[in-house]
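Here are some notes from a friendly read-through, set out as numbered points. Please have the model open as you go.

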Amino acid sequence: MLRLVKKKKRIDIETFIADSFKGLQLITEEHRNRWHLGQETAWAVDEVSGKISFSFANGEVVCAPVQVVGTYHVGEKTFTWGWKHPNVLPNLQRHAARVRDFGIEYGSEELTTQQIPCTEKRAWEYTALAMLLAEASGAYCLQPTPETFVFMTFGEIELKKRA
């Protein structure tokens, strides 16, 4: 009996990641122009509901579903993926898991190793890749401590006025 074997398409992962990062830069600029991302006076993440909110001086609040791609440790220069992060709730790991699945499919050790050495720019590139693979609306980075950055993707935004 003959079986047809579908040949897996080969891709250049570095080019794919670079293109993802360019896309993130364009989308971020669009968010800056549309609802002033980066000018927020406060932010909050509700891990249980999986929402991020940004508050602005004019009373506007922007909310969106959120996912954690991973954390970057400044001193150690390491990135820990959110797909099995000890401090990330399972409901916030889905976009990071898409990157891991992509890494498995295309044989990338870098995308499938729980903690890896990297630069902050590379952490942004990983986040851009997650945004593209998960078809998210954007990305954001929180710095809850001087040594830790939390890289996230967010979904469709909702604009509202504070009550």
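1. A word on naming before we start: helices and strands here are DSSP runs, numbered from the N terminus, with at least four residues for a helix and at least two for a strand. Please also keep in mind that this is a predicted model. With that naming in hand, phenylalanine 16 can be placed in helix 1.

2. Let us stay with phenylalanine 16 for a moment. Is phenylalanine 16 buried or exposed? The answer falls between the two: its relative accessibility is 27%, so it counts as partly exposed, given that buried means under 20% and exposed over 50%. Leaving aside neighbours within four places in sequence, phenylalanine 16 is in contact with Ile11, Phe102, Leu129, Leu132 and Leu133. One of these partners, leucine 132, is 116 residues away in sequence, yet the C-alpha atoms of phenylalanine 16 and leucine 132 are 9.8 Å apart.

3. Those contacts lead on to the packing of helix 1 (13–35) against helix 3 (120–134). The two axes come within 8 Å and cross at roughly 85°. Because angles of 65 to 115 degrees count as roughly perpendicular, helix 1 and helix 3 are described as roughly perpendicular to each other. On the helix 1 side, the residues that meet helix 3 are Glu14, Phe16, Ile17, Ser20, Phe21, Gly23, Leu24 and Ile27. Helix 3 answers with Lys121, Arg122, Trp124, Glu125, Ala128, Leu129, Met131, Leu132 and Leu133.

4. Arginine 122 deserves a look of its own. This residue lies in helix 3 and is buried, with a relative accessible area of 12%. Which side chain does arginine 122 join through a polar contact of 2.6 Å? The partner is glutamate 14. Apart from neighbours within four places in sequence, arginine 122 is in contact with Glu14, Ile17 and Glu110.

5. Helix 3 also packs against helix 2 (94–106). Here the axes come within 8 Å and cross at roughly 95°, so helix 2 and helix 3 are roughly perpendicular to each other as well. Helix 2 makes the contact through His95, Arg98, Val99 and Phe102, while helix 3 contributes Tyr126, Leu129, Ala130, Leu133 and Ala134.

6. Now to the interior. The largest nonpolar core has 20 residues, and those touching the most other members are Tyr72, Phe79, Trp81, Leu111 and Tyr126. Two or more residues come from each of helix 1, strand 3 (60–73), strand 4 (78–81), helix 2, helix 3 and strand 7 (148–154). Within it, tryptophan 81 touches Val69, Gly70, Val99, Glu110, Leu111, Thr113, Gln114, Ile116 and Tyr126, not counting residues up to four places away in sequence. Apart from this core lies another, of 17 residues, with Trp35, Ile52, Ala64 and Leu142 among them.

7. Tryptophan 35 is a good way into that other core. It lies in helix 1 and, at 1% relative accessibility, counts as buried. Beyond the residues up to four places away in sequence, tryptophan 35 touches Phe54, Phe56, Val62, Phe154, Ile157 and Leu159. Its side chain also makes a polar contact with the side chain of histidine 31, at 2.8 Å. Valine 61 is 26 residues from tryptophan 35 along the chain, with 9.5 Å between their C-alpha atoms.

8. Two hairpins are worth tracing. Strand 1 (residues 42–46) and strand 2 (residues 51–55) pair in the antiparallel sense over five bridges, and tryptophan 43 has phenylalanine 54 as its bridge partner. Four residues separate these strands, and glycine 50 in the turn has a positive phi of about 70°. Strand 6 (138–145) and strand 7 are antiparallel too, over six bridges. Their hairpin has two residues between the strands, and cysteine 141 stands opposite phenylalanine 151 in strand 7.

9. Finally, please check two backbone angles. Lysine 77, in the loop between strand 3 and strand 4, has a phi near 55°, a positive value in a residue other than glycine. Glutamate 135 likewise has a positive phi near 55°. This glutamate 135 is in the loop between helix 3 and strand 6 and is exposed, with a relative accessible area of 72%.

Note on methods. Residues numbered from 1 in each chain as written. Predicted model: local features only at pLDDT ≥ 70, side-chain atom pairs only at ≥ 80, totals over all residues. Heavy atoms only, no water. Pairing = 2+ DSSP bridges. Core = buried A, V, L, I, M, F, W, Y, C linked by side-chain atoms within 4.5 Å. Buried < 20%, exposed > 50% of the residue type's maximum accessible area, 1.4 Å probe, protein only. Contact = heavy atoms within 4.5 Å. Polar contact = N/O pair within 3.5 Å; in protein donor to acceptor, adjacent residues only side chain to side chain. Axes fitted to C-alpha atoms, helices over the stretch in contact; angles between N-to-C directions. Parallel < 35°, antiparallel > 145°, perpendicular 65-115°, else oblique.
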